[in-house]
Amino acid sequence: MNADPSNCLVIEDSLPGVSAGKAAGMHVIAVPSVPKETDEFSSADEIINSLLDLRPEKWGLPPFNDWIEGTLPIEPWFIGGPVIKGFGRGSKVLGIPTANLPAENFSDILSEHTSGVYFGWAGLSTRGVYKMVMSIGWNPYFDNTEKTIEPWLLHGFDEDFYGEELRLAIVGYIRPEANFPSLESLIERIHEDGRIAENALDLPEYVKYKDSPYLRNPLQQGTNSNRKVAEQEELK
């Protein structure tokens, strides 16, 4: 390529690849393929959670032009199921009530999607459609042992709705999963995520999904069925 190694940027998901890039005198961004093992990639110049977090402008390259007001539009995906009781820390510890879904029902989807903070629309079977922001991952501050889905519906409800059918249309991405030095900083960041989602969902790129038939039609049983129904309805 006749390029000076110092002007090259390597993006790698393996330790041998990171080591090779550094040995060649190149800048290296690591995207670890195995969760919770980022410490092993410390020799990289930057470690990111996924390619969603790649910001080429940091390296003197043209920026991606698909970010909108701090959010990244993604190919929408759809999940649904009954609201269950979670760890009990959403309302009690954080003051932010989350509507948890049974993670075991979505193991295939959880493995497909990188951890981080997403947003979209939430449909409750007897109440309506609401804006929502959600986390996917292990919540490093609490050091979860399993990957979870924790949506926060951006609406004040007067009562719990455990057992009620919840349908989600996830349409955008905000940021990677992160740890925080204090509970206060975590709460502050969650509220900031909520403000970002609240504003973004008024944009034409996202508001169109509020009328998705999937959010209003009864769900079929099973994750695969849910996804098929969503795909079929979106094609109509």
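User: Let's start with Ile136. Is it buried or exposed?

Analyst: Go by relative accessibility: under 20% is called buried. This is a predicted model, and in it Ile136 comes out at 1% relative accessibility, so it counts as buried. The residue lies in strand S6.

User: Which residues is Ile136 in contact with, once the neighbours within four places in sequence are left aside?

Analyst: The list is Trp77, Leu110, Thr114, Ser115, Gly116, Tyr118, Lys147, Thr148 and Glu177. Take Thr114 from that list: it is 22 residues from Ile136 along the chain, and the two C-alpha atoms are separated by 7.5 Å. Gly116 is on the list too, and Gly116 has Ile136 as its bridge partner in S6.

User: How do I read a bridge partner like that?

Analyst: Here's the general idea: strands of a sheet pair through backbone hydrogen bonds, either parallel or antiparallel. In this model, S5 and S6 (residues 128–137) pair in the antiparallel sense over nine bridges. A hairpin of three residues joins S5 to S6.

User: What else does S5 pair with, and in which sense?

Analyst: S5 is joined to S8 by eight bridges, and those strands run antiparallel. For a spot to look at, Val117 has Arg175 as its bridge partner in S8. With S6 and S8 as pairing partners, check the burial of S5 next. Nine of the nine residues of S5 (residues 116–124) are buried, so the strand is largely enclosed by the rest of the structure.

User: And S7, how many of its residues are buried?

Analyst: Six of its six residues, so to speak the full count. In general, side chains in a regular strand alternate between the two faces of the sheet. For S7, look at each face in turn: Thr148, Glu150 and Trp152 are buried on one side, and Ile149, Pro151 and Leu153 are buried on the other. S7 pairs with S6 in the antiparallel sense over six bridges, and Met132 has Leu153 as its bridge partner in S7.

User: Which residues have the most contacts inside the largest nonpolar core?

Analyst: The general idea is that nonpolar side chains tend to be buried together in soluble globular proteins. Here the largest nonpolar core has 26 residues, and Trp77, Ile79, Met134, Leu153, Leu166, Leu168 and Ile170 have the most contacts inside it. S4, H3, S5, S6, S7 (148–153) and S8 each supply at least two residues of this core. There's also a second, separate core of 24 residues, which includes Ile174, Ile190, Leu201 and Tyr214.

User: Can you walk me through one residue of that first core?

Analyst: Try Ile170. Leaving aside neighbours within four places in sequence, Ile170 is in contact with Ile74, Glu75, Pro76, Trp77, Ile79, Tyr118, Phe119, Met132 and Met134. Then step along to Val171, found in strand S8. Val171 has a relative accessible area of 1%, so it is buried. Residues up to four places away not counted, Val171 touches Leu72, Pro73, Ile74, Pro76, Phe119, Gly120, Leu201, Tyr206 and Tyr209. Val171 and Pro73 are 98 residues apart in sequence, with 6.2 Å between their C-alphas.

User: What about the largest pocket: which residues lie nearest its centre?

Analyst: Asn49, Thr114, Ser115, Pro176 and Glu177 lie nearest the centre, out of 35 lining residues. The volume of this pocket is about 880 Å³. To see where the lining comes from, map it onto the elements: S3 (46–47), S4 (72–82), H3 (107–112) and S8 (165–175) each supply at least two residues. S4 gives the largest share, four residues. By class, the lining has 16 nonpolar, eight polar and 11 charged residues.

User: S3 came up there. Which strands does its sheet contain, and in what order?

Analyst: It's an open sheet of three strands, in the order S1-S2-S3, with parallel pairing. S1 (9–12) and S3 are the edge strands, each pairing on one side only. S2 (residues 27–30) and S3 pair in the parallel sense over two bridges, with Ile29 opposite Glu46 in S3.

User: To finish, how many helices and strands does the chain have?

Analyst: Six helices and eight strands. From the N terminus on, they run β-α-β-β-β-α-α-β-β-β-β-α-α-α. Buried residues make up 45% of the 236 residues in the chain.

Technical notes: Residues are numbered from 1 along each chain as its sequence is written. This is a predicted model: local features need pLDDT of at least 70, side-chain atom pairs count only at pLDDT 80 or more; totals for chains, interfaces and linings use all residues. Side-chain values use heavy atoms; hydrogens and water are left out. On a 1 Å grid over the protein atoms alone, a cavity is a set of points where a 1.4 Å probe fits but cannot get out, and a pocket is an open set with protein on both sides within 12 Å along at least five of seven lines; lining residues have an atom within 4 Å of a point. Grid points are joined across faces, edges and corners, and a volume is the space filled by probe spheres set on the points. Ala, Val, Leu, Ile, Met, Phe, Trp, Tyr, Cys and Pro count as nonpolar, Asp, Glu, Lys and Arg as charged, and the others, Gly among them, as polar. Buried means under 20% relative accessible area, exposed over 50%, partly exposed in between (1.4 Å probe, protein chains only). Two strands pair if DSSP finds at least two bridges between them. A nonpolar core is a set of buried Ala, Val, Leu, Ile, Met, Phe, Trp, Tyr and Cys residues joined through side-chain atoms within 4.5 Å. Contact means heavy atoms within 4.5 Å.
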